[in-house]
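Me: I would like to learn how to read the folded chain in this model, beginning with its interior and going on to its sheets. Could you take me through it slowly?

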Amino acid sequence: MLSRAGIRARPGLGLLQHSQQLKCAARLAPAPCRWNSGLPMNIGVLFVPQQEAWVVERMGKFHRILEPGLNFLIPLLDRIRYVQSLKEIVINVPEQSAVTLDNVTLQIDGVLYLRVMDPYKASYGVEDPEYAVTQLAQTTMRSELGKLSLDRVFRERESLNASIVDAINQASDCWGIRCLRYEIKDIHVPPRVKESMQMQVEAERRKRATVLESEGTRESAINVAEGQKQAQILASEAEKAEQINKAAGEANAMLVKARAKAEAIQLLAAALAQQHGNAAASLSVAEQYVNAFSKIAKDSNTVLLPANTGDVTNMVAQALGIYTTLTKPQAVKTQDEMPPAQENSHSPATEVLKAEQSSSS
């Protein structure tokens, strides 16, 4: 564009030349553009690059949008007013201060990703789309941070980003711009708040360590108690099994002894039923009586003796009388079964008693 100083530097030019220069400067003045490096000149034949949209005005009024590829325009009448990029655009949102719900001041910045969806609205809907979207992102970020506490800000960054994107899309729909995503880059807290957060984190870690240690102690005590319980159960079961085995052994021993005693009684009864069996029984009683008197006063000084201790015949007769009384019913049964013996026969036991009485006298 030609400046006024440059026009004044050429003396001798007429008014016509001055007016032609001013018209040329106005025609060559760059038009406002959105995210482009420059406006192409209309030479009649134009090649539009891919992912770009050129907005053409004819005599100052919107005419059409040039698509990528070969396009034809009328020189002097048609003019390329805006060049819009259809690629995804990255905008850095400057750092700003925001107050949370619990009155903590934060310094926060972010990155905004957007794309031009309608070149016409992006060209004529707003004067500066980048500035408008940036300001909208900052105000939305402040309002969303004011609804959250400091702890929730760090935990709900994704929900915060989604809320900001929704708010920007609702407002920028008439601008022909769509916000794809918003990302928070850095969150800076005041130094004192940072120190208190570190102290809180350390206290929480100590609390967790204490809880874990107590849980370990509890688990250890439970394990020890369970071990002792199992040991006592096993010991009681072993003692029970031992007592059962011991009782079974004693029962088996008693059964064996009873069988042996029964067999011995049967053998003794068979022996007594034979001839001269009573004499043999009398002799055995007399031997046991003599052996019992030989052991008197060995274990204790107190001894109880019958009145007729020296009368062995009387003692044996008493023992045989008791034995005869006990065996009399069985003898009756035996006599009923066996044939009668000779009347003049004398029992061997009577003869033994008579022999002993004669010897004693």
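Me: Which residues have the most contacts inside the largest nonpolar core?

Reply: In soluble globular proteins, nonpolar side chains tend to be buried together. A nonpolar core here is a set of buried Ala, Val, Leu, Ile, Met, Phe, Trp, Tyr and Cys residues joined through side-chain atoms within 4.5 Å, where buried means under 20% relative accessible area, exposed over 50% and partly exposed in between, with a 1.4 Å probe and protein chains only. The largest such core has 30 residues, and those with the most contacts inside it are Leu112, Leu114, Val133, Leu145, Ile168 and Tyr182. At least two residues each come from β6, β7, α4, α5 (150-155), α6 and β8, and α4 gives the most, with 6 residues. The helices (H or I, at least four residues) and strands (E, at least two) are DSSP runs numbered from the N terminus.

Me: How far may I trust such details, and how are the residues numbered?

Reply: This is a predicted model, in which local features need pLDDT of at least 70 and side-chain atom pairs count only at pLDDT 80 or more, while totals for chains, interfaces and linings use all residues. Residues are numbered from 1 along each chain as its sequence is written, and side-chain values use heavy atoms, with hydrogens and water left out.

Me: Which residues does isoleucine 168 touch?

Reply: Contact means heavy atoms within 4.5 Å. Leaving aside residues up to four places away in sequence, isoleucine 168 touches Leu112, Val133, Leu136, Ala137 and Cys179. A second, separate core of 8 residues includes Val48, Val56, Leu73 and Ile80.

Me: What is the strand order in the open sheet that contains β7?

Reply: Strands of a sheet pair through backbone hydrogen bonds, either parallel or antiparallel; in this analysis two strands pair if DSSP finds at least two bridges between them. The order is β6-β7-β8, with antiparallel pairing in this open sheet of 3 strands, and the edge strands, β6 (89-99) and β8 (177-188), each pair on one side only. Neighbouring strands are turned by 25 degrees against each other on average, direction ignored. Between β6 and β7 (residues 105-116) there are 9 bridges, and asparagine 92 stands opposite valine 111 in β7.

Me: Where do helices α4 and α6 lie with respect to these strands?

Reply: For such angles, axes are lines fitted to C-alpha atoms, for helices over the stretch in contact, and the values run from 0 to 180 degrees between N-to-C directions. Helix α4 (residues 129-145) packs on the sheet and touches β6, β7 and β8, its direction making about 35 degrees with that of β6. Helix α6 (residues 157-171) lies across β7 and β8 and runs at about 140 degrees to β8.

Me: Why is one side of β3 and of β5 left without a neighbour in the sheet?

Reply: An open sheet of 3 strands has the order β3-β2-β5, again with antiparallel pairing. β3 (61-66) and β5 (78-85) stand at its edges with a single partner strand each, so one side of each has no neighbour in the sheet. Strand β2 (residues 52-58) pairs with β3 over 5 bridges and with β5 over 7 bridges; glutamate 57 has phenylalanine 62 in β3 as its bridge partner, whereas glutamate 52 has serine 85 in β5.

Me: Is β2 mostly covered or mostly uncovered?

Reply: Strand β2 is mostly covered, with 5 of its 7 residues buried. β2 and β3 form a hairpin with 2 residues between them, and methionine 59 in the turn has a positive phi of about 55 degrees.
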